[in-house]
Amino acid sequence: MTAATTDTHITVFFDGSCPLCKKEIDHYQRIAKPNTPITWVDISAPDTEFSELPFTFEQAMRELHILDSHGNIIKGAYSFVEIWHRLPRYRWLGKLISTTGVTPILEYGYQKFAAWRARRQCKEGVCRR
């Protein structure tokens, strides 16, 4: 996955029904400046529509998704790096992670977490809002 430019608007699709996920996103929202090019979408909200998105609700429940303004999908740990590039106090971390090549290692750990979370959130393979 390639990183989008930091001036590109991104839409972050997160699971607001996951306490840990919600706490982290709330933190990011608090520190984001008003002109930060990020829109936050809680996929657990009943009115979130997926018919026009290039991924399903179930896919979004299994890992963090970002859609950039060019239509590119960024998932998993790569999503966090994209968010960090745009946030004050985290830009240095996004740059460090991007330039050192450790994102695949973070992705491995994130996928382990995401699989564990999916087993808890999506009973019998079915994710519900």
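These are my notebook entries on a predicted model of a single chain.

**Entry 1: overall layout**

I started with the secondary structure. The chain comes to five helices and four strands. Along the sequence I read the pattern β-α-β-α-β-β-α-α-α. I then looked up burial. Of the 129 residues, 47% count as buried. I also checked how far the contacts reach in sequence. Among contacts with a separation of 6 or more, 69% join residues that are 24 or more positions apart.

**Entry 2: helix 3 against helix 4**

Next I went to helix 3 (residues 77-86) and helix 4 (residues 91-100). How do their axes cross? They come within 6 Å, at roughly 135°. Helix 3 and helix 4 are therefore oblique to each other; I note that the cut-off for roughly antiparallel is over 145 degrees. I put down the crossing as left-handed.

I listed the residues that make this contact. Helix 3 contributes Val81, Trp84, His85 and Arg86. Helix 4 contributes Arg91, Leu93, Gly94, Lys95, Ile97 and Ser98. By class, I have four nonpolar, three polar and three charged residues in the contact of helix 3 with helix 4.

**Entry 3: the two sides of helix 4**

I stayed on helix 4 and asked which of its residues are buried. I found Leu93, Gly94 and Ile97. Looking down the axis of helix 4, I see its buried residues within an arc of 100°, so they line one face of the helix. The general rule I had in mind is that an α-helix has 3.6 residues a turn, so residues three or four places apart point the same way.

What do the buried residues of helix 4 pack against? I noted helix 3 and helix 5 (103-121). Then I turned to the other side of helix 4. There, Trp92, Lys95 and Thr99 are exposed. Lys95 is also listed among the residues in contact with helix 3.

**Entry 4: helix 3 against helix 5**

I repeated the axis check for helix 3 and helix 5. These axes come within 8 Å and cross at roughly 120°. Helix 3 and helix 5 are therefore oblique to each other. On the helix 3 side I wrote down Ala77, Tyr78, Phe80 and Val81. They meet Thr103, Pro104, Leu106, Glu107 and Tyr110 in helix 5. I sorted the residues of this contact by class: seven nonpolar, one polar and one charged. Val81 appears here, and it is also in the contact of helix 3 with helix 4.

**Entry 5: positive phi angles**

I looked at the backbone around helix 4. Which residue just after helix 4 takes a positive phi? It is Gly101, at about 75°. Arg89 also has a positive phi of about 75°, although it is not a glycine. I flagged that one, since most residues other than glycine have a negative phi. Where does Arg89 lie? I placed Arg89 in the loop between helix 3 and helix 4. Is Arg89 buried or exposed? Its relative accessible area is 58%, so Arg89 is exposed.

**Entry 6: Gly109**

I then picked out Gly109, which sits in helix 5. Its relative accessibility is 37%, so I count Gly109 as partly exposed. I took the C-alpha separation between Gly109 and Gly76 as well. The value is 9.8 Å, for residues 33 apart along the chain.

**Entry 7: His9**

My last look-up was His9, in the segment before strand 1 (10-14). With a relative accessible area of 31%, His9 is partly exposed. I checked its C-alpha distance to Thr36 and got 8.3 Å. The two are 27 residues apart in sequence.

What does His9 touch, leaving out residues up to four places away in sequence? I listed Pro37, Ile38 and Thr39, along with Leu67, Asp68 and Ser69.

Terms used
Residues numbered from 1 in each chain as written. Predicted model: local features only at pLDDT ≥ 70, side-chain atom pairs only at ≥ 80, totals over all residues. Heavy atoms only, no water. Axes fitted to C-alpha atoms, helices over the stretch in contact; angles between N-to-C directions. Parallel < 35°, antiparallel > 145°, perpendicular 65-115°, else oblique. Left-handed = near helix turned anticlockwise from the far one by under 90°. Contact = heavy atoms within 4.5 Å. Nonpolar A, V, L, I, M, F, W, Y, C, P; charged D, E, K, R; others polar. Buried < 20%, exposed > 50% of the residue type's maximum accessible area, 1.4 Å probe, protein only. Arc of directions from axis to C-beta.
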